[in-house]
Amino acid sequence: MTLIALIDCNSFYCSCEQVFRPDLTNKPVVVLSNNDGCVIARSKEAKDLGIPMGAPYHHYKKLMTFHKVAVFSANFPLYANFSTRIMNTLTQFSDSVEVYSIDEAFISLKGIASDVISYSQLLRQTIFKWTGIPVSIGIGSTKVLAKAANRFAKSIPESNGVFSLASSPAFIDSALKLLPVEDIWGIGKQQSKKLQQRQIKTAFDFKQYKNRSVLLKYLTKTGLQLHDELNGKSCIDISTTIEPRKNIQSSRSFKPELTEFDDVAAALTLFTTRAMEKLRKQNSLTQLISVFIRTNPFNNKPQYKNGITISLPVATNNTLEVAHIVRQCLSVIFKKGIEIKKAGIILSEITDDTSLQQSLFINTNQSNLMASLDQINKKYGRDTIHPANTTRFIKKRQSPKWVSPQYTTNWTDILTVK
C-alpha cells in the first residue's frame, strides 16, 4: 500500500515573518490583508487571544495593543519565495509532489523502506533547518485520511508534528470519532449542517453511513469520493502537473474609496497587468473580460454595484489590448459621485496559447512584445515597464504601514551582519 503525506506549514505567513524576527518566537503575531484591513494569518499565540480569522483590524486594535501583538502588512513576495524553497525541498524526499496551495503539498511515500514516521520527522526537521518554517505532516492511505491526520498533527503536541492514520482500522476509527464532520476536507459549513440533521456528526459517522444516494444528493459526486477515501479507497490521485486556471481574477478594496473615473481606471489597469501576467505565466489566452465595481456595503452612503462582460473576437494575452477594453467597460458602468470601495477584473474562456485562431482583420502577433516585457520585469523587478496610468493609482493608494523587508527577493533588503 502506497501512503500519502500532507505537508502543511504552521501559520505560514506569520512563520515567514518570525524567521527574520527571532524575538517574536512564541509571541502573538498577525498578518493583515491588502490596505491593512483584515487579519489573514495568526500565530497560535494570537489565536489563543481570541483574534478570529478575517477580523477587521480596527475592531481588535485595542486588544492587540494591550497584548503587544506584532502586526505585519502582507509581504507576498517573501511568502512566495519561502513557499518555493519548501516545495523544492520536498522534491528531494519524494518523486511525486503535488503543490496544493502556497503552504500545503501532498507527496507520495512510495518506496520508503524505513519507518514512515521517522522519515516524515526527518523531512520536517530538514524543512525547518533549511527554511526556518515549522510544518505539520499527516499520513494516510488516501488524501482525505492524510488531510485528517494533519489536523491531529497540529493539535496533539505529543505527535511532534507528525501523525499517521495508516495503522490499524480500530485506531483510525477511534481518531475519526474525534474529528467533527465539518472538518473533513471538502465538506463546507452548509453541507455539514445537512449531514448533522441526519446524525452524521463526526468523520466516523460519515465513514459508516451507507446511504450513498443521500450523499450524492447533498454532496454530489465529490461526497462519494470523500466517503470512499475515508474508507481507505483512493479516489483522488496525486497530480504533479499544475492545471491552468479556468478563471483569473484580480481585484482590491480601496482605502480611502475612489470617486474619480481616472483613479478607478488606473487601478483597473494595474489589476489587468497582474491578471495578464498570471495568464501568460500559464501560457494561456483569454477571450472573455469581466469588469466590476461596488461601493462599501457597510456604510450608510448610497449603494451601487455594477459589472459588464465583453467577449473578444480573438483570444489574447496582450496587456495593453485588454487594458484598453477594460477602460471602455468602466466608462459604461461608472457612476459619477459614487465612492468606489472595490473594483476588479475577471479573465474567462481561457485557452492554451497554441490554439490561437488568427484573424484577417486584427493583428494578433504581439507575443514577442509581451514576452520581452515579462523578461525585463523579471530581471529588473516588477513594474520596471508598465502601463503609464498605473502610476496614478500607485501614487494615490496608501502604502502598507507594517510591511517587512523582502529579505529573500530584493538585494537592498538582504540582512547585513555586523
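The largest nonpolar core, meaning a set of buried Ala, Val, Leu, Ile, Met, Phe, Trp, Tyr and Cys residues joined through side-chain atoms within 4.5 Å, has 36 residues, and those with the most contacts inside it are I7, F12 and L90. Buried here means under 20% relative accessible area, with exposed over 50% and partly exposed in between (1.4 Å probe, protein chains only). This is a predicted model, in which local features need pLDDT of at least 70 and side-chain atom pairs count only at pLDDT 80 or more, while totals for chains, interfaces and linings use all residues. Residues are numbered from 1 along each chain as its sequence is written, and side-chain values use heavy atoms, leaving out hydrogens and water.

**Core**
- Among the elements that give two or more residues to this core are β1 (4-9), α1 (12-19) and α4 (76-90), where helices (H or I, at least four residues) and strands (E, at least two) are DSSP runs numbered from the N terminus.
- The largest share of the core, six residues, comes from α4.
- Leaving aside neighbours within four places in sequence, I7 is in contact (heavy atoms within 4.5 Å) with residues including L90, I107 and I137.

**Sheet**
- An open sheet of five strands has the order β5-β6-β1-β7-β8, with mixed pairing, where two strands pair if DSSP finds at least two bridges between them.
- The edge strands, β5 (97-101) and β8 (162-165), each pair on one side only.
- Strands β1 and β7 run antiparallel and are joined by six bridges, and the bridge partner of C9 in β7 is V135.

**Cysteines**
- The structure holds zero disulfides, a disulfide being a pair of cysteine sulfur atoms within 2.5 Å.
- C9 is in no disulfide, since the nearest cysteine sulfur, that of C16, is 7.4 Å away.
- C9 is buried, with a relative accessible area of 3%.
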